[in-house]
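Colleague: I would like a close look at one part of this model, the metal site, together with whatever around it helps to place it in the chain. Please take it slowly, and keep to what can be read from the coordinates.

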Amino acid sequence: MHSELPAVTGAVRMSEHRVVISERGSFCFATCTCGWFSPARRSRDLARREAEDHLADNGAAPA
Ligand SMILES: [Zn+2]
């Protein structure tokens, strides 16, 4: 007896997260290729940290 199980496609396709820090005037903000973006920050470091948090939340290892 042979029963064929349907192929399980449980793997979530990890959409690409590529964060770019942009500057506008004296503000910095991070934007991601997935559509996410951080609020404008005065600190580039803060925008960068939020970007890292976003990557961590989505299981993407920061480069
Ligand atoms: Zn993203």
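To set the scene, what percentage of the contacts in the protein chain with a separation of 6 or more is accounted for by residues 24 or more positions apart? And then, for the site itself, which residues are the protein donors of the zinc ion?

Modeller: Please keep in mind throughout that this is a predicted model. As to your first point, among contacts in the protein chain with a separation of 6 or more, 17% are made by residues 24 or more positions apart. The protein chain has 63 residues, of which 21% count as buried, and its exposed area comes to about 5300 Å², with carbon and sulfur atoms supplying 53% of that area. One helix and two strands make up its secondary structure, and they follow one another along the sequence in the pattern β-β-α.

Now to the site. The zinc ion has as its protein donors H17 through ND1, C32 through SG, C34 through SG and H54 through NE2, at distances of 1.8 to 2.4 Å. The angles that the four donor atoms subtend around the ion run from 104 to 115°, and the arrangement is therefore tetrahedral. For comparison, the ideal angle at a metal with four tetrahedral donors is 109.5 degrees. Along the sequence, the spacing of the donor residues reads H-x14-C-x1-C-x19-H. Because H17 sits in the segment before β1 while C32 belongs to strand β2 (residues 27–32), this pair ties together parts that are 15 residues apart in sequence. Both of these donors, H17 and C32, are buried.

C32 also leads from the metal to the strands, since it is the bridge partner in β2 of V19. Strands β1 and β2 run antiparallel and are joined by six bridges, and another of the pairings matches I21 with A30 in β2. The two strands form a hairpin with two residues between them, and in the turn G25 has a positive phi of about 60°. As a general point, side chains in a regular strand alternate between the two faces of the sheet.

Beyond the hairpin comes the loop between β2 and α1, where two residues offer a contrast. S38 is found in this loop, and it is buried because its relative accessibility is 2%, under the 20% cut-off. Apart from neighbours within four places in sequence, S38 is in contact with F29, A30 and E50. F37 is found in that loop as well, but with a relative accessible area of 58% F37 is exposed. Setting aside residues up to four places away in sequence, F37 touches A30 and T31; its C-alpha atom is separated by 8.2 Å from that of A51, which is 14 residues away along the chain. A30 thus appears in the picture several times, as the bridge partner of I21, as a contact of S38 and as a contact of F37.

The charged side chains complete this view. Side chains of opposite charge can pair when their charged atoms come close, and the structure holds three salt bridges. One of them links R18 to E16, with the closest N and O atoms 2.3 Å apart; here R18 is exposed at 52% relative accessibility, whereas E16 is partly exposed at 48%. Another joins the side chains of R44 and E23, again given as 2.3 Å from N to O. Because R44 lies in helix α1 (residues 44–57) and E23 in strand β1 (residues 19–24), that pair ties together parts that are 21 residues apart in sequence. R44 is partly exposed, with a relative accessible area of 38%, and E23 is exposed, with 55%. There is also a salt bridge between E50 and R41, at 2.6 Å from N to O. In that pair E50 is buried, its relative accessibility being 18%, while R41 is partly exposed at 26%. E50, which was named above as a contact of S38, therefore takes part in a salt bridge while counting as buried.

Methods
Residues are numbered from 1 along each chain as its sequence is written. This is a predicted model: local features need pLDDT of at least 70, side-chain atom pairs count only at pLDDT 80 or more; totals for chains, interfaces and linings use all residues. Side-chain values use heavy atoms; hydrogens and water are left out. A salt bridge is a side-chain nitrogen of Lys or Arg within 4 Å of a carboxyl oxygen of Asp or Glu. Buried means under 20% relative accessible area, exposed over 50%, partly exposed in between (1.4 Å probe, protein chains only). Helices (H or I, at least four residues) and strands (E, at least two) are DSSP runs, numbered from the N terminus. Donors are N, O and S atoms within 2.8 Å of the metal (3.2 Å for Na, K and Ca); water is not among the atoms, so sites may look incomplete. Four donors count as tetrahedral if all angles lie between 85 and 135 degrees; four count as square planar and six as octahedral if opposite donors are over 155 degrees apart and all others between 65 and 115; anything else is irregular. Contact means heavy atoms within 4.5 Å. Accessible areas come from the Shrake-Rupley method with a 1.4 Å probe; for residues, only the protein chains shown count as cover. Two strands pair if DSSP finds at least two bridges between them.
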